[in-house]
Structure formats: C-alpha cells, structure tokens
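Visitor: I would like a close look at a single part of this model. Please take one strand and show me how it sits in its chain.

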Amino acid sequence: MSDKPYKFDESPEPTRPSTLKNNGFGEQDGTAYSEYASQQRDQYDDQLNKTTADDGNDYQDGEPMHKSGSVNKPQYKTKVKTQTLDIAQPKTKLPQQVSEDVWEVDVNKEGISLGAATLGFGVVSLIGFFVFEAYTTLAANVSEHPIGTGVLGALLVGFVSCFSFLSFKEWRGYKQVNTAMEDAGVIRNLLVNKRNETSPQKIDRVLSQHGKRFSRGSYAAHCFDRYKQQLQDDMTGPERLGLYEDTVLKPVQDKAHKVLNKESVTAGSLAFISPNNLIQTFAVIWISFRTIRRMARVYGLRPSTAGNWKLLKVLAQNIAAQGVFDLATDEVANQIGGSLSAKFMENSAEAIAAGALNARLGRALIKLLK
Amino acid sequence: MQKNIATLFDKTRAMASLTGDKLSSAFNKETHRFTITGLSRSGKSMLFTSLITMLKSRSEEGYACLPLLRYLPPSQVLDMRIEPIEGYKPFPHLQNITDLENGQWPKATEEAFGFKLVVRLKETASLKRHVLPHSDVVFEFIDYPGEWVTDIPMLSKTYAHWSDSAWAQLSSGPQQYFASQWKAFVNQFDFEQEPTEQRIKLLVNAYRDYLIDAKANGISLLQPGSFLLESSDFDWQAFGFTPLPSSITSDVSHPWFKIFDKHFSKFQSRWLTPLKQSIFKETDKQIILVDLFEGLNHSRQHLYQLKETLSHLADTFVYGQSTWFSRNVLKKEQIGKVAFVATKSDLVPVSQRANLLSLLTQITEGARARFDDKPIQFEHFLVSSMQVTDDGSNEDAIRYQDTDGRYVESMFEPIPSTLKEMEEGSHFPVPDVSVPSDFKARILAGKGVDRLLQFLLGKGEQE
C-alpha cells in the first residue's frame with residue numbers, strides 16, 4: 001500500500017515545489033539563482049507565447065512553459081475511469097482470534113437429543129399401552145375411547161417415526177464415512193501432487209465437499225471454519241491445499257491423538273481397578289465405544305454404530321485379546337502365588353494391555369478417518 | 001527435613017529451567033538479516049509497519065493473519081519483542097501507527113533505521129524441549145532512504161564516466177523535459193570563471209532543483225539521490241558536484257573538472273563506501289520493492305527507466321549463498337534469496353493482478369540477469385501491506401475512499417502484462433486513497449506478506 005497519498009488526476013503527479021528557497025542557500029546565492037530562474041521563465045514564457053501563436057500547441061492551463069521551448073510536457077490518456085458512489089466504505093472485520101483453542105470433545109448439548117426423544121417416546125408408549133390396557137380393562141364395557149386411542153396412537157406414531165429416522169441416520173452415517181474416505185483419497189492425491197498446478201476452483205470444490213461432511217459442532221468443522229476465514233482470493237491451488245493442511249488436517253490429527261491418549265489412559269485405569277474379568281470386559285467395551293464416539297466428534301464423521309464393520313472387527317479382536325491376556329495373567333499370577341503383589345502385577349499388566357488395545361482401536365479409527 | 005528436600009528440589013528445578021533458558025538463548029538462535037531495497041516511495045516504511053503489526057497481532061492477540069507463514073506456526077509462538085540494532089536509530093513503528101490513526105500515511109524515510117524482531121518459539125521435540133525449551137528466530141531489518149540506493153552504483157565509476165552517463169541520461173527519455181531548464185542553465189553558465197564556493201553552490205542547487213522536480217514527476221534514475229535529502233551525512237553543500245558537458249569532462253586540466261572530480265572522490269570515500277559496508281553487505285536475504293505504479297502512473301518510458309534503474313541497483317549486492325564457514329567464521333554474508341516485490345497491489349483489481357505480476361517479471365529481467373550463473377533463489381510477489389481497496393461492481397473495478405472522503409469506484413482497462421503492451425501516451429493514474437479508519441483490520445487483511453516471508457525463511461523449498 002501506498003505510504004503517500006497520490007493525486008488521482010488525468011495528468012501525472014504535479015510537480016513538487018522547488019525547495020531551493022529553503023535549502024540553506026546563502027542569501028546571495030539564492031538571489032542569484034532566483035534571478036536567473038526568473039529570467040529564464042520570462043524568456044520561455046515569451047517563447048511560449050510566440051510558439052502558441054504560431055502553431056497553436058495545446059499546453060496545460062497555468063503551466064508555465066519554462067522548461068523548454070523544444071520539449072513538450074508529456075500528456076497521457078487515462079486508462080482508469082472513476083465515479084463517486086453514494087454509499088459509505090464498508091468496515092473490514094478483524095480476523096478471527098485463534099489463540100484459545102477451546103473446543104472440547106464433550107459439549108453440553110442444549111435441549112433433548114433425538115436418542116432421548118426416541119427412548120422417551122418408547123417409554124411413554126409402553127406406559128401408555130399399560131395405562132390403556134388398564135383403562136380398557138377398567139372400562140371393558142365402554143366401547144368408545146377416541147381421545148385415549150388418539151393420544152396413544154400419536155405416541156406410537158412418534159416412536160415409530162423417530163425410530164425410523166434414527167435408523168436412516170445410522171445408514172447415512174455409514175454412507176458418509178465411505179464418501180468421506182473417498183474424499184480423503186482425492187485430497188491425499190492433491191497433496192502428493194501439490195507441485196502440479198491444479199486450478200484453485202477444483203481444489204476449492206474438493207475441499208468444500210469434504211468440509212460439508214463434517215458434523216456440526218465437531219472439531220473438524222471448527223477447523224474448517226477457521227480455514228474458510230483465512231482463505232484469500234489471490235491464493236493459488238497449492239497454497240490453498242497447504243493452508244487446509246495447516247488449519248484442518250494437522251490440527252484434527254493432533255487433536256485425535258490427544259483424545260486417544262486420554263481415552264487409553266482411562267481404559268488402563270478402568271482395567272486396573274476392575275474387580276473381576278466380567279466387569280473389566282464391560283468396561284473395555286464401554287470405553288471402546290466412547291473412544292469411537294469421541295474420535296468421531298474430532299473428525300466430524302460419525303461411523304454409524306452398526307455401520308463400520310472394520311471398527312467392530314478391531315473391537316472384537318481387542319476384546320478377544322483382552323480375554324486371552326486375562327487368562328495368561330491369571331495363570332502367571334497362580335504360578336507365582338496369590339499374594340497381593342501378584343494381584344497388583346496382574347492388574348497392572350491388564351491395565352497396560354487395555355490401554356494398548358484401546359490405542360490400537362483408536363489408531364485403526366484414525367487410519368479410517370484421516 | 002521434608003521441607004528442606006522440597007526447597008532443594010525447587011531450587012534445582014529453577015536452576016535447570018534457567019540453564020535451559022540460557023542455553024536456548026545462546027544456542028537455539030536463528031538470525032535472518034533482511035535488507036529491503038526499494039526506490040523512494042516504493043512503500044518500504046509501510047511494509048515494515050505492517051509487518052510488525054501483523055506479527056505482533058498474530059503472536060500477542062492471536063489474530064488469524066499471515067495464514068501462509070508456516071515457518072512460524074502460531075501455536076508455537078511464545079512471544080515476540082522488538083529490539084534495537086546497535087548503530088541504528090529505532091524504527092518509528094509507534095509514530096507510524098499514530099500517523100495512521102490521524103489519517104496520515106507514514107512519513108517517507110529520510111535516514112537509516114534498524115530493528116530486530118525476536119520471535120520466541122516453543123520447542124516441540126520431546127527430548128530437546130527439556131534441555132532447550134525454546135528457540136529464538138531473530139529478524140533484523142534495515143530501513144533506509146530509497147534515495148541512497150540509487151547512488152551505490154556510482155562507487156564503481158570515475159567522475160568523468162558518471163558525468164557523461166548522467167548527462168546522456170538526462171538528455172533522453174521522459175526526464176529530458178524536466179532537465180531542459182537545468183541544461184539551459186548550464187549552457188549559459190560561464191565555466192571560464194574560477195569555481196568559487198558560491199559558483200559551485202549555484203550550480204549544485206540548480207542541479208538539485210532538477211532532481212527534485214524530476215523525482216516528483218516519477219523519474220526513478222536520479223543521481224546523486226543523497227543530495228535530495230537534508231538528512232544525508234554527506235555535506236553536499238560544501239562538496240557538491242553535478243554532471244558537466246563532455247566539453248569540460250574531456251579536459252582533465254579544466255578547473256571545474258578538477259574540483260568536481262575531487263568532490264566526487266570525497267563523496268565516494270566518505271559517504272558511499274561506509275554506506276555500502278554498513279547497510280548493504282551484511283545481509284542474507286534481500287527484498288527488492290518495486291512500485292510499478294510509479295511507471296504506470298506516467299508512461300511506458302517511465303517503466304523502461306524503472307527497469308534500467310533496477311538493473312543498476314542489482315550491482316549493489318554481493319550475490320551468492322553464504323556457507324556456515326563464511327557466515328560464522330569469516331562473518332561474511334552473501335545474499336542467498338532475492339524477492340522482487342510489487343507493492344500496493346491492492347490498487348489494481350484482482351483480475352489484473354496476473355498482468356501486474358507478469359509486468360513485474362519483465363521489469364526485473366535486467367536485475368535477474370546479474371545472478372543467472374549463481375545459486376540464488378528468486379521469486380516475484382505482489383504484496384499489499386494494507387488492503388485499502390474493496391471489490392468493485394465487476395471484476396475490473398475497485399472501490400476505495402479518496403482523500404476527499406468520497407467512496408469511489410475505479411474501473412481499469414487491462415493493465416499491460418509486458419512493457420510492449422503499454423500503450424504509448426496512456427497511463428494508469430494511481431488512486432488517491434486515504435488512510436481508512438479501520439486501518440488495523442485492513443493491515444491484518446494485507447496480502448502477500450506471508451507468502452513473501454515463507455519464501456525467504458523456508459529451508460530451500462520453493463513455496
């Protein structure tokens with residue numbers, strides 16, 4: 001940007017006034033030069049009068065032609081047209097502040113979730129049927145119960161609808177993961193071939209499609225918003241990809257690893273304090289599902305509960321491995337005697353195993369979603 | 001006992017942390033010296049002001065600016081501070097911000113300023129962060145008047161050589177109009193009389209008047225530029241000189257030749273040599289700022305002259321990548337990366353910026369030819385230190401607030417992508433943009449600075 005205001009004019013910038021008078025000249029010198037310059041001006045102005053009278057040259061008004069009688073001041077045709085607008089200049093917003101990365105895996109949801117509504121409708125319907133049953137029993141002789149039947153019917157419809165919608169969402173979640181994985185493949189290819197000039201429009205299209213799939217409130221969506229805010233119209237395709245990598249892919253990956261570490265520690269702790277193998281297995285299953293859910297919140301993609309067989313396979317393998325490990329540690333503990341230290345060792349080993357297996361599940365999930 | 005152990009543990013930990021800090025400060029320091037070269041009015045001071053504002057806002061306030069600057073990830077920046085450089089006056093950043101707040105553009109640089117930007121980065125490597133918890137990236141910037149730059153090529157010339165070439169230059173191109181009064185003055189000047197102090201002053205001041213007039217009218221090749229500034233340490237009033245007609249310079253016994261030759265030698269030894277040694281040599285990264293609007297605002301001839309001036313400018317520097325040995329043992333820096341930057345790029349519509357970049361590439365041809373056979377990385381950039389314009393009603397228009405406070409829209413005909421395409425007798429007047437009241441947000445919205453820094457700081461990769 002300019003560090004000096006320019007004059008917007010049809011002609012080039014006006015001549016800056018001479019500083020001769022203020023340049024530290026001795027009085028005598030200044031006078032001498034001024035006299036000379038004054039004589040010159042008079043001389044050239046005389047010349048100018050003659051010249052204009054002779055050939056009608058078109059000089060600018062008010063411009064003393066004291067420079068030369070032979071060299072004309074250059075005149076230029078403007079290539080810029082300007083018009084005044086009757087609106088005020090819009091204010092530019094300050095960019096988003098990103099110093100505080102406050103996104104958390106678990107956010108307090110406002111209102112009632114769809115799952116809770118489904119459960120609620122189910123319970124209410126069940127109760128309603130019981131009540132209806134009781135009511136019909138009590139009023140066996142009353143043949144018409146329009147209001148009660150209507151309400152119970154409505155509750156049942158609600159339950160069926162919500163249940164259907166939930167099923168649809170599960171199916172869509174599953175499809176979404178597969179599409180996102182395909183998108184990720186395209187983005188990976190673009191990143192690999194970053195040096196090849198790909199049009200910014202194509203890259204924008206791919207990245208926007210990928211960004212749209214992030215569920216609302218997820219960390220990936222939060223990062224994608226930040227990416228969009230930092231995007232500038234003069235960025236080239238590779239620069240856009242680089243920015244996407246810096247503001248979305250890398251932070252999401254880092255966050256996923258952080259969440260996974262935390263979950264693995266929790267899995268280990270639960271395994272350590274579990275009094276028996278059954279509770280331990282339930283704890284491992286619960287923490288595994290929680291890991292999947294939390295990681296999915298980071299990536300903005302929710303692999304449907306029944307959808308992603310790969311994850312379930314890993315989960316099943318984990319449970320089996322945990323079981324085998326339990327047997328092995330039990331056997332080792334029996335061999336070295338049933339002391340407290342042996343129990344402690346057994347639990348510690350199981351905790352480490354649970355943590356490691358949970359990390360394995362998380363890594364499989366990261367591999368799937370990244 | 002337990003308390004004593006705790007105290008001892010705390011002390012040991014504090015000492016370890018202090019040692020780590022000191023070790024980091026001593027060993028984990030990376031210094032980059034930037035010299036920003038540009039002719040007068042090329043936007044050097046504004047670029048510095050924006051750069052400091054952007055980096056400070058990014059590290060201290062967390063604003064998401066400079067998105068392409070991957071070298072300094074915001075998550076790793078601990079703090080940033082400005083320090084003076086020994087031997088230089090501190091850069092008037094706060095004064096410039098105050099000027100902007102008062103609706104004035106920063107004043108043109110009339111003396112050399114220097115400052116260091118020290119960015120402290122968090123060490124992320126798991127083991128290293130316990131020993132050396134942080135690393136410092138030090139940017140050293142030198143800002144100096146553009147008028148001085150044009151004088152450096154005079155170092156390699158004799159007075160006669162310089163005088164003849166200067167005389168030839170002012171007799172051709174767009175400057176001939178502005179030089180006609182000076183030439184007429186010389187033609188009437190009586191060189192038969194002895195060169196007294198007063199007569200020399202008379203001649204020098206007449207020449208200086210031409211320099212001032214020509215500069216105000218977009219002429220870039222003006223020597224000696226140092227005569228234009230009162231702040232130059234060289235006493236041009238006492239030791240001034242001017243180009244003389246070849247009838248005098250060809251006679252080495254002519255008293256006017258003798259005195260000007262003597263003054264020219266003094267100018268070289270007392271002013272240019274120390275100037276080159278102190279500012280221009282100790283650098284490893286060079287940014288050459290080019291104000292293409294200075295040419296576009298006037299004519300094709302002005303653009304050709306800008307190209308010639310840049311070509312001369314390239315002589316100023318010692319090109320070639322410095323090695324560890326030459327940098328640390330011989331203490332000799334050589335420029336390894338050069339960025340040619342067209343400033344004020346927001347003054348043209350986005351649709352015309354590709355043409356502007358192409359024009360910049362052509363303007364720098366001569367300068368680039370100087371390091372054709374050297375391992376120098378160079379790149380061209382369009383930069384706007386402050387986004388003062390908004391998008392117009394179509395892709396060839398921009399909107400801005402002019403100095404009369406009106407919000408106006410300017411529609412551009414296509415900017416020439418080559419010098420040849422610049423239509424003779426036509427020009428692109430530069431919008432007279434006022435300082436916007438939301439200048440901070442517009443500085444942070446400035447474009448190209450991140451790309452430029454990433455290129456200069458990146459480890460050899462072409463970004």
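Guide: Start with a term: two strands pair if DSSP finds at least two bridges between them. Keep in mind that this is a predicted model.

The part to look at is strand β5 of chain B, residues 285–290. Its partner is strand β6 of chain B, residues 337–342. The two run in the parallel sense, and six bridges join them. One position shows the register. B:Ile288 of the strand faces B:Phe340 in β6(B).

Now the cover. Six of the six residues in β5(B) are buried. Take the two faces in turn. B:Lys285, B:Ile287 and B:Leu289 point one way. B:Gln286, B:Ile288 and B:Val290 point the other way. Both sets are buried, B:Lys285 and B:Gln286 included.

Step back to the chain around the strand. Chain B has 463 residues, and 61% of them are buried. Its secondary structure comes to 17 helices and eleven strands. Contacts reach far along the sequence. Take those between residues at least 6 apart: 76% of them join residues at least 24 apart. The outside of chain B amounts to about 18000 Å² of exposed area. Carbon and sulfur atoms supply 52% of that area.

Next, the nonpolar interior. The largest core holds 133 residues. Those that touch the most other members are B:Trp182, B:Tyr210, B:Trp256, B:Leu292 and B:Leu296. Helix α8 of chain B, residues 197–216, gives this core its largest share, ten residues. Apart from this core lies another, of 29 residues. Its members include A:Ile203, A:Leu260 and A:Leu361 from chain A, and B:Leu68 from chain B.

B:Trp182 merits a look of its own. Leave aside neighbours within four places in sequence. B:Trp182 is then in contact with B:Trp167, B:Leu170, B:Leu203, B:Ala206, B:Tyr207, B:Tyr210, B:Thr242 and B:Pro243.

For a single buried site in the other chain, turn to A:Thr329. This residue is in helix α8 of chain A, residues 309–335. Buried means under 20% relative accessible area. A:Thr329 has 9% relative accessibility, so it counts as buried. Beyond four places in sequence, A:Thr329 touches A:Glu346, A:Ala349 and A:Glu350. A:Ala349 is 20 residues away in sequence from A:Thr329, and their C-alpha atoms are 7.5 Å apart.

Back to the strand to finish. β5(B) pairs with β6(B) over six bridges, and residues on both of its faces are buried.

Conventions. Residues numbered from 1 in each chain as written. Chains lettered and ligands numbered in written order. Predicted model: local features only at pLDDT ≥ 70, side-chain atom pairs only at ≥ 80, totals over all residues. Heavy atoms only, no water. Helix = DSSP H or I, 4+ residues; strand = E, 2+ residues; numbered from the N terminus. Buried < 20%, exposed > 50% of the residue type's maximum accessible area, 1.4 Å probe, protein only. Contact = heavy atoms within 4.5 Å. Areas by Shrake-Rupley, 256 points an atom, 1.4 Å probe, with all protein chains shown as cover. Core = buried A, V, L, I, M, F, W, Y, C linked by side-chain atoms within 4.5 Å.
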